[in-house]
Amino acid sequence: ATNLSFILRDLNLDDHAKQIEVFSDSKTAVATGNTNTTRTTFGHYLDIVRYTQHQRQEGVVQLKYVKAQDQLADCLTKPLSGPQFESAIHKFMHTP
């Protein structure tokens with residue numbers, strides 16, 4: 001998300017670079033990213049969590065929860081049934 005923000009700014013598309021929505025189907029990940037606290041149980045994810053929290057505080061990203069069946073990234077990483085695939089394609093193409 002941060003790199004996308006830099007690219008948009010480099011292309012003089014600052015209007016689109018104000019805040020990027022980052023969707024996750026993990027309520028825990030969204031809740032953790034939206035707080036300023038971390039736990040030692042995060043282990044090697046601790047740096048990623050802190051970086052995400054910092055980006056949120058700076059207004060670069062906004063973290064949002066999305067149901068697993070509505071996660072668009074799944075069509076790029078998982079085999080989907082016909083109806084799920086069609087739904088994802090329509091969402092990507094912004095068609096009803």
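Phenylalanine 92 is found in helix α5 of this predicted model. With a relative accessibility of 38%, phenylalanine 92 counts as partly exposed, because that class covers values between the 20% limit for buried and the 50% limit for exposed residues. Leucine 72 makes a useful partner to look at next: 20 residues separate phenylalanine 92 from leucine 72 along the sequence, while their C-alpha atoms are 7.7 Å apart in space.

Phenylalanine 92 also belongs to a nonpolar surface patch, which it forms together with Leu76, Phe85, Ile89 and Met93. This patch covers about 510 Å². Helix α5, spanning residues 82-92, supplies the largest share of the patch, with 3 residues. Another member, leucine 76, sits in helix α4, which runs over residues 74-77. Leucine 76 has a relative accessibility of 67% and therefore counts as exposed, the cut-off for that class being over 50%.

Turning to the pockets, leucine 72 reappears in the lining of the second largest one. Its companions there are Glu21, Val22 and Phe23, along with Val66, Asp70, Gln71 and Ala73. The space within this second largest pocket amounts to about 160 Å³. By residue class, the lining of the second largest pocket contains 5 nonpolar, 1 polar and 2 charged residues. Leucine 72 thus offers a handy landmark for readers following along in the structure: this residue lines the second largest pocket, and its C-alpha lies 7.7 Å from that of phenylalanine 92, a member of the nonpolar patch.

Definitions and conventions
Residues numbered from 1 in each chain as written. Predicted model: local features only at pLDDT ≥ 70, side-chain atom pairs only at ≥ 80, totals over all residues. Heavy atoms only, no water. 1 Å grid on protein atoms, 1.4 Å probe; cavity = no way out; pocket = protein on both sides within 12 Å on 5 of 7 lines; lining within 4 Å. Points joined across faces, edges and corners; volume = space filled by probe spheres on them. Nonpolar A, V, L, I, M, F, W, Y, C, P; charged D, E, K, R; others polar. Patch = residues over 30% accessible without salt bridge, like charges linked within 9 Å, V, L, I, M, F, W, Y side chains within 5 Å. Areas by Shrake-Rupley, 256 points an atom, 1.4 Å probe, with all protein chains shown as cover. Salt bridge = Lys/Arg side-chain N within 4 Å of Asp/Glu carboxyl O. Helix = DSSP H or I, 4+ residues; strand = E, 2+ residues; numbered from the N terminus. Buried < 20%, exposed > 50% of the residue type's maximum accessible area, 1.4 Å probe, protein only.
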